[in-house]
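Welcome to this short tour. Please open your viewer and get ready to select a few pieces one after another.

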Amino acid sequence: MKYNIRKFVIIVYKCQLCLFSLLIAFTITYNMVNKHILVTGGAGFIGSHLCQNLLNHDNVVFCMDNFITGNYENISKMLSNPKFKLIECDVEQLCDFDAKIDEIYNLACPASPIHYQKDPIKTFTTSIQGAYNMLELSRKYDAKILQASTSEVYGDPIIHPQKENYWGNVNPVGIRACYDEGKRGAETMFMDFYRQHDVRIKIIRIFNTYGPNMHPCDGRVVSNFIMQALSNKDITIYGTGLQSRSFQYIDNLIEGMVKIMATGDDVIGPVNLGNPTEYTILDLAKSIIELTNSRSKLIFVSLPLDDPRRRKPDITLAHNLIGYNPNIELIEGLKKTIAYFQHFK
């Protein structure tokens with residue numbers, strides 16, 4: 001009899017442990033999947049990768065885009081997924097969007113100089129009015145909201161590398177100001193909604209990112225150099241080419257974004273997300289020529305106005321918060337990106 005009671009107690013104890021383990025597993029899974037998530041700018045370069053990642057984790061994804069710079073090809077494979085909802089809409093208008101959502105990733109805004117300088121007023125209002133509309137939507141549904149800000153808020157930095165507490169060196173009346181100041185203004189609005197309305201916000205500052213789904217004619221340095229090299233055309237280098245950038249592969253960025261969103265409400269940012277390994281533009285061009293076996297020659301032209309001389313993130317904060325450690329080095333990422341751009345030759 002005593003043996004049976006002891007055996008019964010052991011069985012009950014083991015069942016309790018199993019139930020406890022299941023509860024923990026369920027809690028972790030619940031926090032990561034089965035959410036209703038809105039991604040503005042979801043058909044863009046970064047947005048499309050984010051939408052796919054969120055779908056892979058069994059979330060319902062609302063992709064909002066006005067397709068000024070977004071691309072249907074980026075999301076074509078997702079359209080058949082019943083959990084993917086495409087909303088052709090401008091964040092400045094909202095188009096009567098009304099669906100219960102748990103999280104918002106606000107990425108909507110032209111991000112390359114050739115695109116954001118094409119209609120600078122639209123670029124600025126997209127950042128400001130778009131941020132306001134998304135913040136009001138987050139208030140309505142008590143949704144967490146992440147603002148995709150940019151390293152451009154640091155301008156042409158006099159602090160190197162750039163930490164989140166650096167206020168930047170931005171020309172507020174220059175040709176890049178529509179983007180730089182638009183993103184700075186959006187950060188301000190996010191912080192004020194947090195302080196005034198207790199909105200649950202996250203702010204990240206994205207440094208140079210590259211990878212598949214980039215537009216072949218978006219004017220960014222990686223896409224420019226690859227397309228020129230694949231066509232054996234002269235590679236255009238602005239200035240001396242000794243200005244530096246830090247290049248982050250898209251997969252590393254998406255992982256960082258999702259992990260920042262999953263942090264507690266006490267984590268608001270801003271948080272730098274980028275690869276701290278620094279390269280000169282000249283080194284980038286030479287690497288791409290070698291990887292593509294190109295016959296391209298280097299030509300040098302005048303440096304654009306307000307073009308930053310150095311750009312490198314300090315990612316100590318991201319590392320401490322989410323263990324952020326970009327592990328895809330430039331050559332590996334360039335090979336994947338070149339393979340994607342082969343289709344556009």
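We begin with the whole chain and then visit one strand and its neighbours.

This is a predicted model, in which local features need pLDDT of at least 70 and side-chain atom pairs count only at pLDDT 80 or more, while totals for chains, interfaces and linings use all residues. Residues are numbered from 1 along each chain as its sequence is written, and side-chain values use heavy atoms, leaving out hydrogens and water.

Start with everything shown. You will find eleven helices and 13 strands; these are DSSP runs numbered from the N terminus, helices being H or I of at least four residues and strands E of at least two. Of the 345 residues, 50% are buried (under 20% relative accessible area with a 1.4 Å probe, protein chains only).

Next, select residues 144-150, which form strand 5. Is this strand enclosed or not? Seven of its seven residues are buried, so the rest of the structure largely encloses strand 5. In a regular strand, side chains alternate between the two faces of the sheet. Colour Lys144, Leu146, Ala148 and Thr150 for one side, then Ile145, Gln147 and Ser149 for the other: all are buried.

Now add residues 103-106, strand 4, which runs parallel to strand 5 and is joined to it by four bridges (strands pair if DSSP finds at least two bridges between them). Look for Tyr105, whose bridge partner in strand 5 is Leu146.

Finally, show residues 201-206, strand 6, paired with strand 5 in the parallel sense over six bridges. Here Leu146 stands opposite Lys202.
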